[in-house]
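Let's take a friendly walk through a protein model together. Have a look at the picture, then read on.

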Amino acid sequence: MKLARMYLGVATSEDYKLLENMNKLTSLKYLEMKDIAINISRNLKDLNQKYAGLQPYLDQINVIEEQVAALEQAAYKLDAYSKKLEAKYKKLEKR
């Protein structure tokens, strides 16, 4: 095995060229990975900026949602109250 010969100190120039090619390919792969990481970082930064721009609208949606929930509760209470009044009216009407 060629790598075994290198460890033993019996490497040929062909073995060194193979090792050099492996190092070059590894270096190229790391450069590709670096470019990918830079693109991911850039895209993440863009997304964070867009999210920050949307945050006021998201806050408004949360406020509206709370208001709708309060209005819904008020509508249920008003409905219950109107049913009580209707029942009282019908009761008085029968007298």
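## Little is hidden

This is a predicted model, and a good place to start is how much of the chain is covered. Of the 95 residues in the protein chain, 2% count as buried. The accessible surface of the chain comes to about 9200 Å². Carbon and sulfur atoms account for 63% of that surface.

What is the chain built from? The protein chain has 2 helices and 0 strands. Helix H2 covers residues 13–94, and you will meet this helix again in the sections below.

## A nonpolar patch

Which residues make the nonpolar patch on the surface? They are Tyr51, Leu54, Tyr57, Leu58 and Ile61, and their patch is about 520 Å².

Take Leu54 as an example from this group. Leu54 sits in helix H2. Its relative accessible area is 46%. Since residues between 20% and 50% are called partly exposed, Leu54 falls into that class.

## Pairs of opposite charge

Now for the charged side chains. Side chains of opposite charge can pair when their charged atoms come close. How many salt bridges does the structure hold? There are 4 of them, and here is a look at some.

Glu32 and Lys29 are joined through their side chains, with 3.8 Å from N to O. Both residues belong to helix H2, where they are 3 residues apart, or about one turn of the helix. Glu32 is partly exposed, at 43% relative accessibility.

Further along, Lys83 makes a salt bridge with Asp79, and their closest N and O atoms are 3.3 Å apart. This pair also lies in helix H2, with a spacing of 4 residues, about one turn of the helix. Asp79 has a relative accessible area of 35%, so this residue counts as partly exposed.

Lys90 and Glu86 form a salt bridge too, with 3.4 Å between the closest N and O atoms. Both are part of helix H2, 4 residues apart, again about one turn of the helix. What about their exposure? Lys90 is partly exposed, with a relative accessible area of 44%, and Glu86 is partly exposed as well, at 43% relative accessibility.

## A positive patch

Where does positive charge gather on the surface? Look for Lys84, Lys88, Lys91 and Arg95, which together make a patch of positive charge there.

Lys91 is a handy residue to find in this patch, and it lies in helix H2. Is Lys91 buried or exposed? With 57% relative accessibility, Lys91 counts as exposed, because the cut-off for that class is over 50%.

How values were computed. Residues numbered from 1 in each chain as written. Predicted model: local features only at pLDDT ≥ 70, side-chain atom pairs only at ≥ 80, totals over all residues. Heavy atoms only, no water. Patch = residues over 30% accessible without salt bridge, like charges linked within 9 Å, V, L, I, M, F, W, Y side chains within 5 Å. Areas by Shrake-Rupley, 256 points an atom, 1.4 Å probe, with all protein chains shown as cover. Buried < 20%, exposed > 50% of the residue type's maximum accessible area, 1.4 Å probe, protein only. Lys, Arg positive; Asp, Glu negative; His and termini not counted. Charge placed at Lys NZ, Arg CZ, Asp CG, Glu CD.
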